Every structure is written in C-alpha cells, then in structure tokens.
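User: I'm new to reading protein structures. Could you walk me through this one, feature by feature?

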Amino acid sequence: MCGIAGLIHRGKSSNVGQELQGMLQALKHRGEDSTGYALYGDTDGQNFIMRFKVGENVGEGSSSVMEDVSVYDERKKIVDSYISQMGAKIIKEERILPYSLRYEIDYDKGDLLEFSQKIESIPGVEILSMGKSLEVIKDLGNAKAVCDRYNLGDLVGTHAIGHARMATESGVDIKSAHPFWGYPFSDVSVVHNGQLTNYWNNRRILENKGMRFMSECDSELIAVYLAEKMRNGATLEEGMKDSLSGLDGVFTYFVATKNSLGMAKDTMAAKPLVLYESDDLVAMGSEEIAIRSVLPQEIDTYDPFDGEVKVWQI
Amino acid sequence: MANLKTTEKKTKAQSMGLHTEVLTGKTQQKFFNPDEAENFYYWGTYDVDFNKRTELDVNDMDCKEANKKIDELMSQGYGTIVIKNPQGKHSLGVGILNKLNLIFEGSLGYFGVGSIDGPTVRVNGRVGWSCAENMMAGKVVIEKNAGSCFGAAVRGGDLICKGSVGARTGIDQKGGTIIIGGDAGAFTGFMMQRGRIVVLGNVGINLGDSMYDGTIYVGGKIGSYGSDAIESPMTKSDIDWLKRKLKVAEIGENFDVSKMTKVVAGKKLWNYDALEPTEKKGAI
C-alpha cells in the first residue's frame, strides 16, 4: 500500500525533520517495512553532503544477508581512498550506524556521474543521496524508529518528502526503500505510491542509455526516468508531465529538488493524495491525517485530479 | 446456498453461450411484513430523541472507541450528536442504522459514515476516500471537498458534496442520489447500476464508463465519455426533478438545470433481457 508525505515552507525554514516524522508516523498503518526521509536542510551550500551505506540492515524482517562489521570497515576504507583519488576532500565524517555514513565533501569538479560511478564500483556500497542540501535517510522500521535512530528530529530546512513502505514489488531492505536519489543529479529525490507495470521495458531502454539502477524496486524507475529527461535538457516539470504517458500503471509520486517540490498523479487517479496549499506552506500526503499532524486546526484540503502535475518553489 | 440447474428458456446471454445455468432457491433477503410488525426487530437500532443533544470530543480516541461511544450515546436516547475534533480519522460514524442528527465539526478520513441506514449527517469539513460507501438511506452533506470513490455502491438516500470530489464518484452506485456542487474527477459513475449523479461543475475523463443504468447530469464540461455512456435529451421531468432536488440539497440555487447534459447507458455492453423482473424496476 505505502504512504507518502511531503511539505514545503515558502520563505522560511522550519523543523522539517520532526514535522515529516509526525506525518509519516501518522501513515504507519500503510506500511512500516521501511521508512525514508529526503530532507532539504539549511546549509552554507559550500560542500556536498553524501549519505551512503556500506551494508544492509539485517534486523528482524530484513531480506538481506548478514555480513560481518569488518566487511563494512573494509568498504569504508576503499570509499575513503577513492574519494581522495577523485580529488575530493572529506571535511566531516559521521558514522551513524555501522552500515550508514554521512560525509561532507569538498569536491570542486562537480561531476557527480563520474564520482558516483567510482564510489559505487565498490561492491555493497550505495550512495543514498548526494547534494548540497539534500540528505536521504532510509532504513527498516516505522517513521519514529528511523527518526530516533538517525537523530532527525532537530534537522531544520525548507522542505522534505518521505515514504512509509509496505514492500510488495521487491525485498525488505534499504536499497529498495524510498526515497530514491535522482542519480546523478545533485539534490533530486523521489518517493512513490503505486505500481509501475512497464518497469522492465523502461529499465532496459534507460540502461541502454547509460542510466543506473541500484534495486529492482519499480519506484526507482521514476527517479531514473526523470533524471534521464533532465539530462536531455527537460525541466523537472516537463519531465514529470512526460512521465504521465511514459510510465504505465498507477502512481502518485513526489519529486523534490534544492528549490522545489512537485507532485504527479496518474491518469487513472488510482492512488490517493490529499493536498493543503497556502501562501507559506504546502503539505500533502496519502491521507489527511498526515497533514493533520502538522496542521491540527481546521483547514481546506483537496484531492488533485487525474493527470495533475504541480510544482512549488521555496 | 442457492441451487443451480439448467433451464430450457434461453435468454439472449445464454443463446450467446455465456452461461447455461439459472439461480433458483430462496433469497436471503428479509422483507418487512406489516402483519408481523410487533415481532420485527432491526438489530442495532435505537429510538432516539432529536431534542436530546450532546457533544463528543474524539481527539484522543481511535475510530473504534469513537464509534462505540456514538453507539452508547444513541442507546441513551441522544438524537443529536456533535462530534468535535475528528481530525481526519478514518471510519467515523459507520454502521448507524437509525434516525439521528450527526454533525462532525471538522474533517473525516477514509470510509466516513459508511453503511448507514437513516441518519442525517453534516460534515463541516472535508471527507476522504469512500465516504458513505454502501449507504442505504438518510442524508449526508459535506460542506467542503471529498476524496475519490465518493458514494461508492450507495443504495439509497441523498449524498451531497458542496465542494469538488475526486475520481470514481458513484462507482457501482445502486440507487439514491449523489449531488456535487463543484467538479468531479475521472470515471465518475463508473459501473453505476441505478440512481442519479448530479455534477454542477466539470467532470474528468471516462464519464459513466461501463455504466449499466442510472442517470448522470453534468452542468459543466465533460472530459470524455466512457464506454457505453451516451448523451440523452433532457426532459421536463428531468428538469423538475433537478430543481426539486437541488432545492432540498440547498445547493445551486440559481443554477440553470435546463442546460445540463444528461448521460445514460447505451446498454450495448450487457444483456438486459436477462434481468429478473424485480431488477427491472426503475431507478430509486
């Protein structure tokens, strides 16, 4: 089933980590195999923030194979050496969990495709996000469990999207969890509720064009699909409108960039979405109770219609 | 379980080779018999006094607790119940089978006031998906917008949304009237079988797709017609009925109903000769 939620503050920053936690926790009955956050924090914009994993969470319910922590250490060492080889410099390093790390990196060249390909050539290593504002955090468990595990409650920023997952199309693991980074574009992330029925056809076409897939989760296709459109010069909104015919199946998805937040709903309107829009805040989710967690007062909300695409700027 | 047997009398569907058996045996439906009135008991109903009014704050309750509390208040004879702080919770006010004034001061989540038979409900907010699903009788008024599948499979009563609604409004509708003050999304009246849908605004694509019967009236633009949905001329009785219904619904007071588009089933998709006599009764 899955639940998605997102919000964007326009003209100010807020405690988006805590707010999104509340929204996703309200949707936990839609799935709590895993929960993911894409948070756009207030940064000085100087360095890249790289969230990556060197292994999987093998806790209860996971479909991943257990590995020794020493394997994670070995992978981390190779990542560090590759970063150095690429001419980048690690400014700050945090190892939040044995398998999950956050680096602040000074990387002048800015060619994220080459950089990411190099890092991800290490087996078992996946970059969850790369950007100057975006941080993707995803792990097994419900919203509160993930928020507490990664100390997301204090994160201040302008906008965020998140996902509460009931695994149906692929395994219970971090690599299949949402949000997906719009590789190799800085600060692009996607969450999705629904099923895509032309996943394999699109995947083969996109892989032949040199695009990268890290999981077998159909939702990853949206991130890759939009990234490929943008690589060819389309704007985010143009790519999203194109996806209404290019992607087959039922879907409602959110996509976020450094300065914007967008939503798209398929032409069957088969997946739910409730939207609240005001001059200073847009909040949306699979169910109204998600919005209620940040706006308990009486508000006007509505369901976007079939085939609708909307994009808001901060 | 009904018995199955073959029949000599062939319907159109049978002559096409679609099926050969007919259902016989007793229906499980129970009909009200006035001669047995004193023995008739509609389980789960209460005699309530509309002048007996109370308020219920459900902010700290889950839907099960809230519904049990409503049931308890009805059993105490309260005929007017005001629900405070519904906060978009799901499945509130479901399964009420007696007369009642039920007022929600706020918005409901999914499946609000489903499977009701008789109450008058007013929601001073918005409702989520599948509001009033399987409603048998009564009146439900939504002051703001509604989600998709509004009035799914309603059997009777009046369901009114003063704002706009999502997709598949009146899906599988089997009777009653659904009135929308604003716009409606795609697949409005999808597979509807009886009853009427009135949309004062625009509707999305595939209006009345695969509808068996029933009537849809649209005041605005139509995105596209679905399979077997066709336009039909408005009659005087249509106009009179619409005027009367909109007045009762307190909506579209100055709306020119004579310019609405009437949509009905083309009846090309299904074999109507095979209907049981009781099924051939007109729309409720």
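Analyst: Sure! Let's begin with the big picture: in chain B, the C-alpha centres of domain 1 and domain 2 lie 27 Å apart. Keep in mind that this is a predicted model.

User: Which residues of chain B belong to each domain?

Analyst: Domain 1 of chain B covers 50–119, while domain 2 is made of 145–251 + 261–266. Counting elements, chain B has three helices and 13 strands. Of its 284 residues, 44% count as buried.

User: Next, sheets. How do strands pair in a sheet?

Analyst: Strands pair through backbone hydrogen bonds, either parallel or antiparallel. In chain B, 11 strands make an open sheet with mixed pairing, in the order S3-S4-S5-S6-S7-S8-S9-S10-S11-S13-S12. At the edges sit strand S3 (49–57) and S12 of chain B, each pairing on one side only. On average, neighbouring strands here are turned by 15° against each other, direction ignored.

User: Parallel or antiparallel: how do S6(B) and S7(B) pair?

Analyst: Those two pair in the parallel sense, over five bridges. For a concrete pair, take B:Asp117: its bridge partner in S7(B) is B:Ala137.

User: Which helix packs on that sheet?

Analyst: That's helix H3 (residues 236–249) of chain B, which touches S8, S9, S10, S11 and S13 of chain B. The direction of H3 makes about 70° with that of S9(B).

User: And what sheet can I look at in chain A?

Analyst: Try the open sheet of four strands in chain A, ordered S4-S5-S3-S6, where the pairing is antiparallel. Its edge strands are S4 (89–97) and S6 (126–131) of chain A. From one strand to the next, the twist averages 20°. Zoom in on S4(A) and strand S5 (residues 100–106) of chain A: seven bridges join them, and they run antiparallel. One residue to find is A:Arg95, whose bridge partner in S5(A) is A:Leu101.

User: Now helices. Why would residues three or four places apart point the same way?

Analyst: An α-helix has 3.6 residues a turn, so residues with that spacing end up pointing the same way. For a case here, look at helix H4 (residues 143–150) of chain A, whose buried residues are A:Ala143, A:Val146, A:Cys147 and A:Tyr150. They cover an arc of only 100° around the axis, so they lie on the same side of H4(A).

User: What do the buried residues of H4(A) pack against?

Analyst: They pack against helix H1 (16–26) and strands S2 (34–41), S4, S7 (134–140) and S8 (157–165) of chain A.

User: Can you show me another helix to practise on?

Analyst: Go to helix H7 (residues 236–246) of chain A, where A:Leu236, A:Gly239, A:Met240 and A:Ser243 are the buried residues. Their arc around the axis is only 100°, which puts them on the same side of H7(A). Among the elements covering them are helix H6 (220–231) and strand S11 (249–256) of chain A.

User: What about backbone angles: what sign of phi do most residues other than glycine have?

Analyst: Most of them have a negative phi, and most peptide bonds are trans. Now for the exceptions here. B:Asn134 has a positive phi near 65°, and its place is the loop between S6 and S7 of chain B. B:Asp228 has a positive phi too, about 70°, and is found in the loop between S11 and S12 of chain B. In chain A, H4(A) is followed by A:Asn151, with a positive phi near 50°.

User: Why does B:Asp228 count as partly exposed?

Analyst: Counting as buried takes 20 or more other C-beta atoms within 10 Å, and exposed means 12 or fewer. B:Asp228 has 17, so it is partly exposed. B:Asn134 is partly exposed as well, with 19 C-beta neighbours inside 10 Å.

User: And where are the cis peptide bonds?

Analyst: One joins A:His178 and A:Pro179, with omega about 0°. A:Pro179 is in the loop between S8 and S9 of chain A. The bond from A:Tyr183 to A:Pro184 is also cis, omega being near 0°, and A:Pro184 lies in the loop between S9 and S10 of chain A.

User: Last one: how many residues are in contact between chain A and chain B?

Analyst: 16 residues of chain A are in contact with 22 residues of chain B. On chain A's side, the largest share, three residues, comes from helix H8 (residues 288–292). By class, that side has eight nonpolar, one polar and seven charged residues.

Methods: Residues are numbered from 1 along each chain as its sequence is written. Chains are lettered from A and ligands numbered from 1 in the order in which they are written. This is a predicted model: local features need pLDDT of at least 70, side-chain atom pairs count only at pLDDT 80 or more; totals for chains, interfaces and linings use all residues. Domain bounds come from an automatic or database domain assignment. Two residues are in contact if their C-beta atoms, placed from the backbone, lie within 7 Å. Ala, Val, Leu, Ile, Met, Phe, Trp, Tyr, Cys and Pro count as nonpolar, Asp, Glu, Lys and Arg as charged, and the others, Gly among them, as polar. Two strands pair if DSSP finds at least two bridges between them. Axes are lines fitted to C-alpha atoms, for helices over the stretch in contact, and angles run from 0 to 180 degrees between N-to-C directions. The arc is that of the directions from the helix axis to the C-beta atoms.
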